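Please read the following account with the model open beside it, moving from a single residue out to the whole chain and then to the space enclosed within.

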Amino acid sequence: MAKMQRNTILVVLSFFAIYFIWGSTYLWNKIAVTELPAFMLAGIRFVVAGSLIFILSKILGLPLKITKKQFKNTFIAGFLFLTFGNGVVVWALKYVDSGFAALEVSAQPLVVLLMMRVLQGKKIQPMSVIGVILGITGIFLLVGQQEIIAQDGAILGMVLIFICMLSWSYGSLFVGKADLPANFFVNTGYQMLSSGLSLLLISTLLGDMWSSPTQWSTPVIWSMLLLIIFGSIVTFTAFNYLLRIVSPEKVATSSYVNPIIAMLLGWYFLNEAITFQSAIASIILLTGVYFINTKKSLTIFSRFSGKRIPK
């Protein structure tokens, strides 16, 4: 009973991290990317975070040795989630507002659900179908705003964020089945360090102009610290933990809460506008998550199947 209670508390705290703390990373990235090259920013963030994880693991006496297969899988997962999935999103934030980017990424649970259907043959329940329809409607309302599309580079930013979302969604399915280090903290460290080094290599190949932290403004320094400690070490460890003990589509529901947090923080700190259409889109998307995750059945389907409606 005590073990079950501890696990329940850990699950709740992990969901809090990927819901609320992760939602604030859009703001921190938006602040930092105004001064720093996107791939350099993301690379430094993950190299430092990964190194700190290894140092803490050593202090805690956690074994760092992993098999070649596990190392390969952590590299693949790191690429899907961080090298491509995060690095390109940070780059896209140069062209779209942080709240808008988070709202677009909120379509991830829909993509995860569809990928599970195509790649794993999992049946989509009627209520989930309604959630998919609501999600697509919300995304259509979001990206169909003329005032947003008219901004320079906005369409390119939208397309890249969508591709990153596909990468994250496939990564969620991959991690759920892959042979990875048993300890979630160590697993996170390997993913971050490998992806961070990859991002720095990409930044170098692109010819990005690097700068010393002594030249960064105070808001950028604080943003980087928050991204490293909370946005990387805390939340990504929680993310990897949840992927192993709950279904991928439930973990992906963080994408529905993140945009609300991101929109509010962007509005408050960066004066980003929240349009009426964006507000409607967010409401529809949040409604969609209920239908995707609910255990209830629609009365009409229940009658046809002859089954009672679950409470």
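**From one residue to the whole chain**

Thr 25 has a relative accessibility of 5%, and because buried means under 20%, Thr 25 is counted as buried. The structure shown here is a predicted model, and what follows should be read with that in mind. Thr 25 sits in helix 1, and when neighbours within four places in sequence are set aside, the residues in contact with Thr 25 are Arg 45, Leu 227 and Gly 231.

Asn 271 offers a second place to look, this one in the loop that runs between helix 13 and helix 14 (276–293). Its relative accessibility is 67%, and since exposed means over 50%, Asn 271 is classed as exposed. The backbone of Asn 271 also deserves inspection, for this residue has a positive phi of about 60 degrees although it is not a glycine.

We can now turn to the chain as a whole. The chain contains 15 helices and zero strands. Its radius of gyration is 20 Å, close to the 19 Å that the globule rule gives for 311 residues, so the chain is as compact as a globular protein of that length. Taken along the principal axes, the box filled by the C-alpha atoms is roughly 65 × 50 × 35 Å. Of the 311 residues in the chain, 51% are buried, while the area that the chain exposes comes to about 15300 Å², with 70% of it supplied by carbon and sulfur atoms. If one considers the contacts between residues at least 6 apart in sequence, 88% of them join residues at least 24 apart.

What remains is the interior space. How many cavities of 30 Å³ or more does the structure hold? There is one cavity of that kind, and the space in the largest cavity amounts to about 330 Å³. The elements that each give two or more residues to the lining of this largest cavity are helix 1 (2–33), helix 4 (87–92), helix 9 (154–177), helix 11 (218–245), helix 12 (248–251) and helix 13 (254–270). Helix 9 provides the largest share of that lining, with five residues.

In total, 25 residues line the largest cavity, and those that lie nearest its centre are Trp 22, Tyr 26, Val 105, Trp 168 and Asn 258. Sorted by class, the lining of the largest cavity comprises 15 nonpolar, nine polar and one charged residues.

Technical notes: Residues are numbered from 1 along each chain as its sequence is written. This is a predicted model: local features need pLDDT of at least 70, side-chain atom pairs count only at pLDDT 80 or more; totals for chains, interfaces and linings use all residues. Side-chain values use heavy atoms; hydrogens and water are left out. On a 1 Å grid over the protein atoms alone, a cavity is a set of points where a 1.4 Å probe fits but cannot get out, and a pocket is an open set with protein on both sides within 12 Å along at least five of seven lines; lining residues have an atom within 4 Å of a point. Grid points are joined across faces, edges and corners, and a volume is the space filled by probe spheres set on the points. Helices (H or I, at least four residues) and strands (E, at least two) are DSSP runs, numbered from the N terminus. Ala, Val, Leu, Ile, Met, Phe, Trp, Tyr, Cys and Pro count as nonpolar, Asp, Glu, Lys and Arg as charged, and the others, Gly among them, as polar. The radius of gyration is taken over C-alpha atoms; the globule rule is 2.2 Å times the number of residues to the power 0.38. Buried means under 20% relative accessible area, exposed over 50%, partly exposed in between (1.4 Å probe, protein chains only). Contact means heavy atoms within 4.5 Å. Accessible areas come from the Shrake-Rupley method with a 1.4 Å probe; for residues, only the protein chains shown count as cover.
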